[in-house]
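Here are some notes for a colleague who is about to look through this model at the bench. Please read them with the structure open beside the text.

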Amino acid sequence: MSHHEYILGTRGSALALTQSRIAAETVISLYTEHQAHHGAADAEVVDFTLRTVKTEGDVLTGPLANLGGTGVFAAALRQRLLDGENASEENRVDMAVHSLKDLPSAPCPGLVIAATLKREDPRDALVARDGLTVDTLPKGSRVGTGSPRRAAQLLAARPDLEVVDLRGNVPTRLARVRGLEVVGVGTDEPVAPSRADAAGDLDAVVLALSGLRRLGLEHCASEVLDLETMLPAPAQGALAVEARAGEDCTELARAAAALDDEPTRLAVTAERALMA
């Protein structure tokens with residue numbers, strides 16, 4: 001029996017770590033199942049160690065759109081992958097897990113999306129005080145989001161709302177909603193905010209439902225937004241495993257291939273092609 005251990009690069013937020021653990025556990029399970037099904041005589045064991053990488057989106061201040069929007073959370077991880085054998089042992093990364101909606105649609109020379117995991121619900125969710133919905137939020141309510149897409153659609157539905165630029169990881173954002181400051185939604189290393197945080201200063205925030213579910217915080221959502229009200233970002237809810245192109249590592253390629261969910265890959269490829 002041979003054993004292969006790989007380094008899986010990830011951001012350090014609770015959501016990124018959770019998503020990377022999902023990917024690691026899934027690939028180990030599916031790869032082991034694949035070997036058993038094909039009766040491999042000399043079983044190969046794959047294992048993954050998570051390595052956190054701080055990205056520009058984690059340390060720079062200001063609205064996400066001004067920082068480059070899509071890709072700001074992926075560039076550092078991608079560079080670690082591209083460094084390959086030139087990286088020191090403490091900086092080596094063999095694969096990386098991304099929220100696919102955070103990856104630019106243009107190809108990155110030297111890297112390939114080796115697998116797309118089965119997609120979570122792609123819709124957005126409103127987390128509002130007192131169980132309010134988009135329709136029942138009082139006039140002038142302050143709703144937080146860092147996404148121009150969400151802001152535009154929110155104001156199309158309710159032009160009388162005030163959209164507030166929002167930064168931070170999921171628990172940080174939830175704590176901005178009045179009434180959720182002390183419900184114990186968890187702690188997380190905060191992303192550098194575009195303004196000083198003020199717990200409970202908002203009436204609502206808009207977040208991806210998939211992120212809330214993966215963190216066990218779906219109960220905080222007061223409304224799951226229908227697609228006519230809030231069209232999700234292309235590939236929202238899907239996770240991508242990225243690796244170096246032409247990597248001469250059979251075990252790694254097999255492990256990544258075991259992860260790929262074809263219906264998800266076809267759907268997100270079409271969505272990202274349309275966006276491009």
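The points below concern a predicted model, and they take up one strand with its partners and then one pocket.

1. Strand β8, which spans residues 204-208, has five of its five residues buried, so the strand is largely enclosed by the rest of the structure. Buried here stands for under 20% relative accessible area.

2. The covering of β8 applies to both of its faces, since A204, V206 and A208 on one side are buried, as are V205 and L207 on the other.

3. On the question of partners, β8 pairs with strand β5 (residues 124-128) in the antiparallel sense, over five bridges, and within this pairing A125 stands opposite L207 of β8. Strand β6 (residues 142-145) also pairs with β8, but in the parallel sense and over two bridges; there V143 is found opposite A204.

4. Turning to the second largest pocket, its volume is about 250 Å³, and its lining is made up of 18 residues, with L100, S105, I113, T269 and R272 lying nearest the centre.

5. Which elements each supply at least two residues of that lining? They are β4 (111-116) and α9 (262-275), and the largest share, five residues, comes from β4.

6. As for chemical class, the lining of the second largest pocket holds 10 nonpolar residues, together with three polar and five charged ones. Readers interested in this pocket may wish to view that mixture alongside the residues nearest its centre, among them I113 and R272.

Key:
Residues are numbered from 1 along each chain as its sequence is written. This is a predicted model: local features need pLDDT of at least 70, side-chain atom pairs count only at pLDDT 80 or more; totals for chains, interfaces and linings use all residues. Side-chain values use heavy atoms; hydrogens and water are left out. Buried means under 20% relative accessible area, exposed over 50%, partly exposed in between (1.4 Å probe, protein chains only). Helices (H or I, at least four residues) and strands (E, at least two) are DSSP runs, numbered from the N terminus. Two strands pair if DSSP finds at least two bridges between them. On a 1 Å grid over the protein atoms alone, a cavity is a set of points where a 1.4 Å probe fits but cannot get out, and a pocket is an open set with protein on both sides within 12 Å along at least five of seven lines; lining residues have an atom within 4 Å of a point. Grid points are joined across faces, edges and corners, and a volume is the space filled by probe spheres set on the points. Ala, Val, Leu, Ile, Met, Phe, Trp, Tyr, Cys and Pro count as nonpolar, Asp, Glu, Lys and Arg as charged, and the others, Gly among them, as polar.
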